[in-house]
Amino acid sequence: MHRHTGPAPGIMVCGGIQYHSRPPLVRISGTLNSQRYISEIELLPWPARSLDLSPIENMQSIVAQRLTKITPPAATPDQLWQRLEAAWSAVPQEHILSLFESMPRRVAAGISNNGGYSGY
């Protein structure tokens, strides 16, 4: 594995997944601090100590794994954006479906562990 030791470009993106489709990634310009995040995103009430069972976490992990396999690392923010869009689009929709279909198992695992680590 190649380890990048120089300055790495960084970008901020927002993405979502749906059962039968996925919206395109959105590249966020500038810095997204907490105040800007709150003004852009509609927040839902959420218990402070709840499990994070969202399948988007798995999607992010899949895309990140795909990106780490590309060498050399992206040299510019624009190159990183192009690679990120390609990795996002390359995840088969069937895999996203399986993430949604795993929700009953995720919730059951969280309940059986009294809200502790569920394995997801």
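Q: How many aromatic pairs does the count come to?
A: This is a predicted model, in which local features need pLDDT of at least 70, side-chain atom pairs count only at pLDDT 80 or more, and totals for chains, interfaces and linings use all residues. Residues are numbered from 1 along each chain as its sequence is written, and side-chain values use heavy atoms, with hydrogens and water left out. Rings of Phe, Tyr and Trp (its six-membered ring) pair if their centres lie within 6.5 Å; planes under 30 degrees apart are stacked, over 60 edge-to-face, and the rest tilted. By this rule the count is one aromatic pair.

Q: Which residues form the aromatic pair, and is it stacked or edge-to-face?
A: The ring centres are 6.0 Å apart and the planes stand at 70°. One ring sits in the loop between β1 and β2 and the other in helix α4 (residues 93-101), 81 residues apart; helices (H or I, at least four residues) and strands (E, at least two) are DSSP runs, numbered from the N terminus. The pair is Tyr19 and Phe100, edge-to-face.

Q: Is Arg106 buried or exposed?
A: Arg106 lies in helix α5 (residues 103-112), and its side chain makes a polar contact (N or O atoms within 3.5 Å, one able to donate a hydrogen and the other to accept it; residues adjacent in sequence count only if both atoms are side-chain atoms) with the side chain of Asn58 at 2.7 Å. Buried means under 20% relative accessible area, exposed over 50%, and partly exposed in between (1.4 Å probe, protein chains only). Arg106 has a relative accessible area of 2%, so this residue is buried.

Q: Which residues form the salt bridge?
A: A salt bridge needs a side-chain nitrogen of Lys or Arg within 4 Å of a carboxyl oxygen of Asp or Glu, and a search of the whole structure finds one. The closest N and O atoms are 2.9 Å apart, in a pair that links strand β2 to helix α3 across 51 residues. The partners are Arg27 and Asp78.

Q: Which elements give two or more residues to the largest nonpolar core?
A: A nonpolar core is a set of buried Ala, Val, Leu, Ile, Met, Phe, Trp, Tyr and Cys residues joined through side-chain atoms within 4.5 Å. The largest has 12 residues, among them Ile56, Met59, Leu84 and Trp88. The elements are α2 (55-68) and α3 (77-90).
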